[in-house]
Amino acid sequence: MKYGFVNVASAIPSVRVADPVYNEKQMEPLITQAVEEGVEVMCFPELGLTGYSCQDLFRNQMLLDGAEVALMQLLTFTRSLDIIVIVGMPVRTNSLLLNCAVVVQNGAILGVVPKTYLPNYGEFYEQRWFASALDFRSEEVYLAGSAVTITSEPTLFVTPSDLRFGIEICEDVWSPEPPSTGLSLAGADLIFNLSASDDLIGKNHYLRSLLSQQSARLMCGYIYSSCGYGESTQDVVYGGNAYIYENGHLIGESRRFQYEPQLIVGQVDIERLRTERRMNTTFTTAQSRHHARMVHTSPTGDVEFRLLRYVNPWPFIPSSADMSHSCEEILSIQTAGLVKRLAHTHCSKVVMGISGGLDSTLALLVCVRAFDILELDRSGIVGITMPGFGTSDRTHANALVLMERLGVTLREISIAKSVTQHFLDIGHDMDQHDVTYENGQARERTQILMDVANQVGGLVIGTGDMSELALGWATYNGDHMSMYGVNAGVPKTLIRYLIQYFSSTLSDAKTCEILSDIIETPISPELIPTDEQGNISQKTEDLVGPYELHDFFLYYFLRFGFSSAKIMELAKHAFNGAHPQAGRYDEETIRHWLDTFTRRFFAQQFKRSCLPDGPKVGSVSLSPRGDWRMPTDASSDLFR
């Protein structure tokens, strides 16, 4: 494993029923292909060496002997290959026949796992030929010339890189108590399922749901291989289903009802799965009751690492398929939080600064929804525009028109005179556009909001977003402070989509036009004077870096605790042009802004340690009372 990634594969070969030697030969090119693609572990379908649908031929000694001959061929073929292969075959013990998965590496048998739950209904009567692992005691048998211990005890296979995987077979995962549950709780990162599931109308949909839920519930990688073309079609048809899931997400699948062999390769992030488990106290509590015997594999040769999986450049943004649903849900969460705060405080007034930018616009829209739900007059929303030295005509006009169209109370209070007097009082040169010049304006605006809130008996609603909180891009005791921050859980890259969605629910064309222009306006605190044409001269992303990069860094740093090296590797892959709407950044640029993110994130924790309340809307939050509790004076050296 490198960066916690492991390459796995599910293979579906061509099959001749009751022809083990032929079937093994069909596996060889798929194994070769898997090796070429850097696969570490792969699996084939249930009873793949003989074919699943042999029925009473499983009682024939020649078929069982033929299966062992085929296994010997496979051992010889894999002797010099760096890969672990899992194949299905019938295995004889002294008095029982078992439906087994055999784990092979470098020409040796690492272990044999018998099937636990045998179907005996419909078209499947496995109990006619096989015994269950539950009816079996541990026994040493000779298989393909080697002494092998077979046991019903849960077994984990452990690689030198500490990858741990377990195996279950077909019906096992359909049972009320799948072996994969105990195996995962005992430490299995991956579950391989060798299957032979026939296809019926609607069954595949249920199967996909089952595998997705099992991998999500166990926070594991789940690799499934079911037989396809070549099995007997006497009464049923096998579609050749291969799936690879990671914590409920499908990352690879076969095409059903194909007539050629298929190899499905996927890259599973083991580090991510283990982080999820460590963070889930329910999982860690359940682990204490489960154990398994360990079978250690041999070391494998070094394989050049290539990131195979798609990496979304915007991890906070919902997919287009459920964009509207997700945006409605997020806005509902923000609104519900504010509704409760207003109802609890018996407050019918809110005060907020409206700049004509993204953040204040989203906060205003949330306030409008909350007031409508509470059946309060929108005039109770006091929107204050506070033009200063850097306010552009564009944002000022948008703020005024938006408030007018939404029917809120509009107030305009210029900060120019008060800030000029303040600078005279403290002896600051007005021509020196430094941090004092900028923060003095931000704190004056916050003072106005707080005082007007006292004046009208309302709450100050904060507009700052999660991305700004991560970077510390807020003036301490300025826009950093409010009485409720509705955007505290929303990253910058998501805000445009939320405003677009809100706009789509309106019938007022003029309001939609204003919202569209706000979305297109460059992000800026507007604290530095405009240029000669009255345009914005101070652009946030020129100063702190692209928000799409910072949100990417934030997600993987907080959500999974990834190292800077791994985040760097993911970012290079995500912003390489694979997504046509994402920015493209070279390695040097990504490294520069990642260092900026890490430095600022650690240095600015003191601002997050005293954040106002605000609703959590996604899997990541910076609230010091919830998801993120960090010492204010932690060093960033190790993380850069």
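**Notebook: Gly489, cores, a helix pair and cysteines**

Entry 1. I looked up Gly489, and at 5% relative accessibility this glycine counts as buried, because buried means under 20% relative accessible area. I note here that the model is a predicted one. I placed Gly489 in the loop between strand E22 (484-485) and helix H14. I then listed what Gly489 is in contact with, leaving aside neighbours within four places in sequence, and found Met466, Pro615 and Val617. I also checked Gly489 against Gly464: the two are 25 residues apart in sequence, and their C-alpha atoms are 9.5 Å apart in space.

Entry 2. From the loop I moved on to H14. I found that helix H14 (residues 492-504) packs with helix H15 (residues 509-520) at an angle of about 170°, and that the axes are 10 Å apart. That angle makes H14 roughly antiparallel to H15, because angles over 145 degrees count as such. I wrote down which residues meet: Arg496, Ile499, Gln500, Phe502 and Ser503 on the H14 side, and Cys512, Leu515 and Ile519 on the H15 side. I sorted this contact of H14 with H15 by class and got five nonpolar, two polar and one charged residues.

Entry 3. Next I looked up the nonpolar cores. The largest has 86 residues. Those with the most contacts inside this core are Leu338, Leu364, Ile381, Phe552, Phe553, Tyr556 and Phe601. I took Ile381 as an example and left out residues up to four places away in sequence. Ile381 touches Val350, Met352, Leu364, Cys367, Val368, Phe371, Val408 and Thr409. Apart from the largest core lies another, of 35 residues, and I noted Met27, Leu49, Cys100 and Ile150 among them. For background, I recall that nonpolar side chains tend to be buried together in soluble globular proteins.

Entry 4. How many disulfides does a search of the whole structure find? I got zero. I looked at two cysteines to see why. The sulfur of Cys227 has its closest cysteine sulfur in Cys170, 8.1 Å away, which is too far for a bond, because a disulfide needs the sulfur atoms within 2.5 Å. For Cys327 the closest cysteine sulfur is in Cys512, at 15 Å, so this pair is also too far for a bond.

Entry 5. Are Cys227 and Cys327 buried or exposed? I read 3% relative accessibility for Cys227, so Cys227 counts as buried. Cys327 is at 0% and counts as buried too.

Technical notes
Residues are numbered from 1 along each chain as its sequence is written. This is a predicted model: local features need pLDDT of at least 70, side-chain atom pairs count only at pLDDT 80 or more; totals for chains, interfaces and linings use all residues. Side-chain values use heavy atoms; hydrogens and water are left out. A nonpolar core is a set of buried Ala, Val, Leu, Ile, Met, Phe, Trp, Tyr and Cys residues joined through side-chain atoms within 4.5 Å. Buried means under 20% relative accessible area, exposed over 50%, partly exposed in between (1.4 Å probe, protein chains only). Contact means heavy atoms within 4.5 Å. Axes are lines fitted to C-alpha atoms, for helices over the stretch in contact, and angles run from 0 to 180 degrees between N-to-C directions. Helices (H or I, at least four residues) and strands (E, at least two) are DSSP runs, numbered from the N terminus. Angles under 35 degrees count as roughly parallel, over 145 as roughly antiparallel, 65 to 115 as roughly perpendicular and the rest as oblique. Ala, Val, Leu, Ile, Met, Phe, Trp, Tyr, Cys and Pro count as nonpolar, Asp, Glu, Lys and Arg as charged, and the others, Gly among them, as polar.
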